[in-house]
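Today I am opening my notebook on side-chain contacts, charges to begin with and rings after that. Here is the model I worked from.

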Amino acid sequence: PHRKLILDQVAKLKPNRVLEIGCNTGANLIRIKEAFPNIGLTGVEINERCAYLARQYLPGAFIKIGDYHSLPFVDNYVDLVLADAVLMYSNPEEIDKAMAEVDRISSKYVIIVDRFDKSEKGVRSGHVWARNYPKLLRKLGYKVKKIKINPEDWPHSIGWQKHGVIVVAKK
C-alpha cells in the first residue's frame, strides 16, 4: 500500500533513470514503468530466483545480481536510487559502506523507505535495524525530507505505522 507514496515522489522528482536496490521480483519497478513508461529501469537483487522473475515481469529493464554494499555500476549511473525496506538488513558496521554506494550511484536523488530511529548506526526493531537515514544522507551532502508513514498509508502493519518513514533526498 505504500507504493503510491513512492510513485508520488518519483512524479515530483522526474528522473530519467531509476535503480532500485533490493528490487525483489520488481513490484516497485513495475509500478514505476506503468506510471512513467519512459523512465529507464535498473534493479539489483541478491536472490537469483527473484532477479529471474523480475526480468520476466520487466522486459527491457536491466536486472543484475548483486548487493548494495558493492553495486556493479559506474559513478552517477542513475538519477534516482530507490531502497524500499532493504537497508534495514544492513548491520551497523556496514551501513556507512551501503550509504556510500547509494551516494556513488545516484547523480541526483535517493528515496529510502525504511524504519526510523534516532540512532545513526541503528537499533534493533524486531528482526531488522531502524536508523536515522536523514542524518546519514545529510552527512553525504543531501537535502532531506522525511515523510512519516501513516495508518492510511500502510493499514495492515502496526510496525510500519509506528516506525516507517519515506526519506527523499536531493544532492
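My entries below go through salt bridges, aromatic pairs and charges over rings.

**Entry: before starting**

I kept in mind that this is a predicted model.

**Entry: salt bridges**

How many salt bridges does the count come to? I got seven. I wrote up some of them, including the one between the side chains of Asp-96 and Lys-121, at 2.2 Å from N to O. I then looked up where the two partners sit: Asp-96 belongs to helix H4 (residues 95–105), while Lys-121 is in the loop between strand S5 (106–115) and strand S6 (123–125), so this salt bridge ties together parts 25 residues apart in sequence. For exposure, I noted a relative accessible area of 34% for Asp-96, which is partly exposed. Lys-121 is partly exposed too, with a relative accessible area of 34%.

Next I turned to Glu-120, which forms a salt bridge with Lys-135; their closest N and O atoms are 3.5 Å apart. Glu-120 is in the loop between S5 and S6 and Lys-135 is in helix H5 (residues 133–139), so the pair ties together parts 15 residues apart in sequence. Is Glu-120 buried or exposed? I have Glu-120 down as buried, because its relative accessibility is 17% and the cut-off for buried is under 20%. Lys-135, with a relative accessible area of 41%, is partly exposed.

**Entry: inside helix H4**

I went back to helix H4 for Glu-101 and Arg-104, which both lie there, three residues apart, or about one turn of the helix. They form a salt bridge, and I read 2.9 Å between the closest N and O atoms. Glu-101 counts as buried at 13% relative accessibility, whereas Arg-104 counts as partly exposed at 23%. Which residues are linked in a network of salt bridges? My note lists Asp-75, Glu-101 and Arg-104.

**Entry: aromatic pairs**

On to the rings, where I found two aromatic pairs in the structure. One of them is Phe-62 with Phe-73, which is edge-to-face, with 6.3 Å centre to centre and 75 degrees between the planes. This pair links distant parts of the chain, 11 residues apart: Phe-62 is in strand S3 (residues 62–65), and Phe-73 is in the loop between S3 and strand S4 (78–84). I checked exposure here as well: Phe-62 is partly exposed, with a relative accessible area of 36%, but Phe-73 is buried, at 8%.

Phe-73 also pairs with Tyr-77, and I logged that pair as stacked: 4.5 Å centre to centre, 20 degrees between the planes. Why is it called stacked? The planes are 20 degrees apart, and a pair counts as stacked because its planes are under 30 degrees apart. Tyr-77 is partly exposed, with a relative accessible area of 22%. I drew the ring pairs as one cluster, since they link Phe-62, Phe-73 and Tyr-77.

**Entry: charges over rings**

Last, I looked for charged ends over rings. Where does the charged end of Arg-124 sit? I found it over the ring of Trp-129, 4.9 Å from the ring centre. I also noted Lys-146, whose charged end sits over the ring of Phe-116, 3.7 Å from the centre of that ring.

Definitions and conventions:
Residues are numbered from 1 along each chain as its sequence is written. This is a predicted model: local features need pLDDT of at least 70, side-chain atom pairs count only at pLDDT 80 or more; totals for chains, interfaces and linings use all residues. Side-chain values use heavy atoms; hydrogens and water are left out. A salt bridge is a side-chain nitrogen of Lys or Arg within 4 Å of a carboxyl oxygen of Asp or Glu. Helices (H or I, at least four residues) and strands (E, at least two) are DSSP runs, numbered from the N terminus. Buried means under 20% relative accessible area, exposed over 50%, partly exposed in between (1.4 Å probe, protein chains only). Rings of Phe, Tyr and Trp (its six-membered ring) pair if their centres lie within 6.5 Å; planes under 30 degrees apart count as stacked, over 60 as edge-to-face and the rest as tilted. A charge sits over a ring if NZ of Lys or CZ of Arg is within 6 Å of the ring centre and within 35 degrees of the ring normal.
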